[in-house]
2 protein chains.
Amino acid sequence: MELKNAAAALSALGHTGRLSIFRLLVQAGREGVAAGEIARRLDVPPNTLSSNLNILTNVGLIDSRREGRSIIYTARYENMTALLEYLMEDCCNGAPEICAPLADVALRSRCGEEGRA
Amino acid sequence: MELKNAAAALSALGHTGRLSIFRLLVQAGREGVAAGEIARRLDVPPNTLSSNLNILTNVGLIDSRREGRSIIYTARYENMTALLEYLMEDCCNGAPEICAPLADVALRSRCGEEGRA
DNA sequence: TCTATATTTCCAGATTACGTGAATTATAGA
DNA sequence: TCTATAATTCACGTAATCTGGAAATATAGA
């Protein structure tokens, strides 16, 4: 991942509306959620939602497919992973005790294995 | 972590200049780096740097201490961890194979244990 | 105290982002 | 084809952000 792409993705997430959308999709898994359903759950007007979905799509954080009249959005986990990797790259100058908690967070996120902290 | 705080932190990172600063500090470890040294390494004017350091400080991503004439900046790893945790929270609806790569990234970041991917 | 160094604060013009009303496109079903 | 539903695109006023010059503050050393 390059600086510009990472910054663009982070900037897209740096907005309460878009962050809510993204987390919703991250939690939804591969199935995804239809635009209308997102609008209903988050209570946002459809045009505002659409513009934010577009921004998240452009930076590669989400994807979409049409199903009948609905458009289903999904998180792009690979790109999310690349982004987090970029943030942690060469972390903490050789002091493992600093990064260990980061690793623990990720391990705990292995879904369904135990409650979160 | 709450939505607003997370969005503020991500927004602060969604800027190539600030993202570069933050990564520099993440990689520097607990020692930190003086403002002037950051300015030199990233080639940015001191007032612009100062304003961006201030923004990163306000969202809790970095910290500073004075040492003589210099002000030393450091990454706040605990808050970085909390931010990543927020992004991964309840990830992927019970499909561990989706989140596993995220965990791997974090494990690989255990500094100095092996090369990064 | 005087000077040099390190960094921050103040300020203003330029740019970019935000949200939304209105119009538009796409699909499904009668 | 006509109507209803689902979602997007366009246009635009408002608000926030970005950048860097100039001035101010803090510290160290002579």
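This report describes the fold of chain A, the protein surfaces near two DNA strands, and two helical features of chain B. The model is a predicted one.

**Chain A**

Chain A is built from six helices and three strands. Read from the N terminus, its elements follow the order α-α-β-α-α-β-β-α-α. Of the 117 residues in chain A, 38% are buried.

**Surfaces near the DNA strands**

Around DNA strand D there are 22 residues, of which Gly36(A), Pro46(A), Asn47(A), Ser50(A) and Ser70(A) come nearest. Four elements each supply at least two residues of this surface: helix 3 (35-42), helix 4 (46-58) and strand 3 (70-75) of chain A, and helix 4 (46-58) of chain B. Helix 4 of chain A gives the most to the surface near DNA strand D, namely seven residues.

Around DNA strand C there are 20 residues, and those that come nearest are Gly36(B), Pro46(B), Asn47(B), Ser50(B) and Ser70(B). Two or more residues of the surface near DNA strand C come from each of helix 3 (35-42), helix 4 and strand 3 (70-75) of chain B, and from helix 4 of chain A. Helix 4 of chain B provides the largest share of the surface near DNA strand C, with six residues.

The composition of the two surfaces is set out below.

| Surface | Nonpolar | Polar | Charged |
|---|---|---|---|
| Near DNA strand D | seven residues | 12 residues | three residues |
| Near DNA strand C | six residues | 12 residues | two residues |

**Helices of chain B**

Two packed helices are described by the angle between their axes and the distance between the axes. For helix 2 (residues 16-28) of chain B and helix 4 of chain B, the axes come within 10 Å and cross at roughly 70°. Because angles of 65 to 115 degrees count as roughly perpendicular, helix 2 of chain B is roughly perpendicular to helix 4 of chain B. The crossing of helix 2 and helix 4 of chain B is right-handed. Helix 4 of chain B is also the element that gives six residues to the surface near DNA strand C.

Helix 5 of chain B covers residues 77-88, 12 residues in total. From its first C-alpha to its last, helix 5 of chain B reaches 17 Å, close to the 16 Å expected at 1.5 Å a residue. The buried residues of helix 5 of chain B are Tyr77(B), Met80(B), Thr81(B), Leu83(B), Leu84(B), Glu85(B), Leu87(B) and Met88(B). After helix 5 of chain B comes Asp90(B), with a positive phi near 55°.

Note on methods
Residues numbered from 1 in each chain as written. Chains lettered and ligands numbered in written order. Predicted model: local features only at pLDDT ≥ 70, side-chain atom pairs only at ≥ 80, totals over all residues. Near = placed C-beta within 6 Å. Nonpolar A, V, L, I, M, F, W, Y, C, P; charged D, E, K, R; others polar. Expected span 1.5 Å × (residues − 1). Buried ≥ 20, exposed ≤ 12 C-beta atoms within 10 Å, placed from the backbone. Axes fitted to C-alpha atoms, helices over the stretch in contact; angles between N-to-C directions. Parallel < 35°, antiparallel > 145°, perpendicular 65-115°, else oblique. Left-handed = near helix turned anticlockwise from the far one by under 90°.
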